[in-house]
Amino acid sequence: MVFFRSISRGISSSLSKTRYGYYRKLRFLSNIPENTVYGGPKPQNPNQRVTLTTLRQKYKKGEAITMVTGYDYPSGVHIDMAGIDICLVGDSASMVVHGHDTTLPITIDEMLVHCRAVARGAKRPLLVGDLPFGTYESSTKQVTA
């Protein structure tokens with residue numbers, strides 16, 4: 001009952017009486033553009049891609065270096081808009097996106113699909129793509145050496 005009272009109070013407080021006795025609903029919505037409401041940190045130069053040199057300069061200055069994992073185009077767009085420095089396209093996509101129990105079943109072709117999708121959305125950050133387990137050894141001797 002308390003919940004319904006608070007709703008009715010909120011509704012009645014948003015009504016205003018006109019001089020003719022009619023009630024009209026007051027708007028409490030924002031007309032500010034979405035990118036200013038959800039702005040967050042903006043990149044210093046949005047046209048410049050983050051490189052290893054950029055990261056080295058930030059490290060020497062003591063500035064924070066940010067890194068986020070992304071698997072698809074929408075996350076790439078959000079990472080780009082937030083001004084993140086590095087985007088990791090991880091083999092954890094096997095579990096997060098494809099629903100496997102481990103990272104072992106994902107293939108290099110599936111990882112390339114994820115990397116391409118993120119790259120279309122994230123124009124500024126440095127992209128780091130994981131190689132699936134077992135794709136980077138040519139033999140078992142290489143693992144033990």
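**Charged and nonpolar patches, a strand pair and a salt-bridge network**

On the surface of this predicted model, a patch of positive charge is formed by R49, R116, R120 and K123. One of these residues, R49, sits in the loop that runs between α2 (34-37) and α3 (52-61). R49 counts as partly exposed because its relative accessibility is 40%, a value that falls between the 20% limit for buried residues and the 50% limit for exposed ones.

A second surface patch is nonpolar. Its members are L104, I108, L112, L131, F133 and Y136, and together they offer about 580 Å² of accessible area. Within this group, L104 belongs to the loop between α5 (93-96) and α6. L104 has a relative accessible area of 52% and is therefore exposed, since the term applies to values over 50%.

It helps to step back and look at the overall layout. The protein chain contains seven helices and five strands. Read from the N terminus, these elements follow the order α-β-β-α-α-β-α-β-α-α-β-α. The chain has 145 residues, of which 23% count as buried.

Some of these buried residues are found in strand β4, which spans residues 86-89. Which way do the side chains of β4 point? I86 and L88 point one way, while C87 and V89 point the other way, and all of them are buried. Strand β4 also has a partner: strand β3 (residues 67-69) pairs with β4 in the parallel sense, over three bridges. To follow the pairing in the structure, one can start at V68, whose bridge partner in β4 is C87.

Salt bridges come next. How many does the structure hold? There are two salt bridges. In one of them, K58 is joined to D85, and the closest N and O atoms are 2.8 Å apart. This pair links distant parts of the chain, with K58 in helix α3 and D85 in the loop between α4 (73-82) and β4, 27 residues apart. Are the two partners buried or exposed? K58 has a relative accessibility of 17% and so counts as buried. D85 is buried as well, because its relative accessible area is 2%, and buried means under 20%.

The other salt bridge is formed by R124 with D85, and here the closest N and O atoms are 4.0 Å apart. R124 lies in the loop between α6 (108-121) and β5 (126-129), whereas D85 lies in the loop between α4 and β4, so this pair ties together parts that are 39 residues apart in sequence. R124 and D85 are both buried. Taken together, K58, D85 and R124 are linked in a network of salt bridges.

A last detail concerns helix α4, where V77 is located. V77 counts as partly exposed because its relative accessibility is 24%, which is not under the 20% limit for buried residues. Although V77 and G121 are 44 residues apart along the chain, their C-alpha atoms are separated by 4.3 Å.

Notes:
Residues numbered from 1 in each chain as written. Predicted model: local features only at pLDDT ≥ 70, side-chain atom pairs only at ≥ 80, totals over all residues. Heavy atoms only, no water. Patch = residues over 30% accessible without salt bridge, like charges linked within 9 Å, V, L, I, M, F, W, Y side chains within 5 Å. Areas by Shrake-Rupley, 256 points an atom, 1.4 Å probe, with all protein chains shown as cover. Salt bridge = Lys/Arg side-chain N within 4 Å of Asp/Glu carboxyl O. Lys, Arg positive; Asp, Glu negative; His and termini not counted. Charge placed at Lys NZ, Arg CZ, Asp CG, Glu CD. Helix = DSSP H or I, 4+ residues; strand = E, 2+ residues; numbered from the N terminus. Buried < 20%, exposed > 50% of the residue type's maximum accessible area, 1.4 Å probe, protein only. Pairing = 2+ DSSP bridges.
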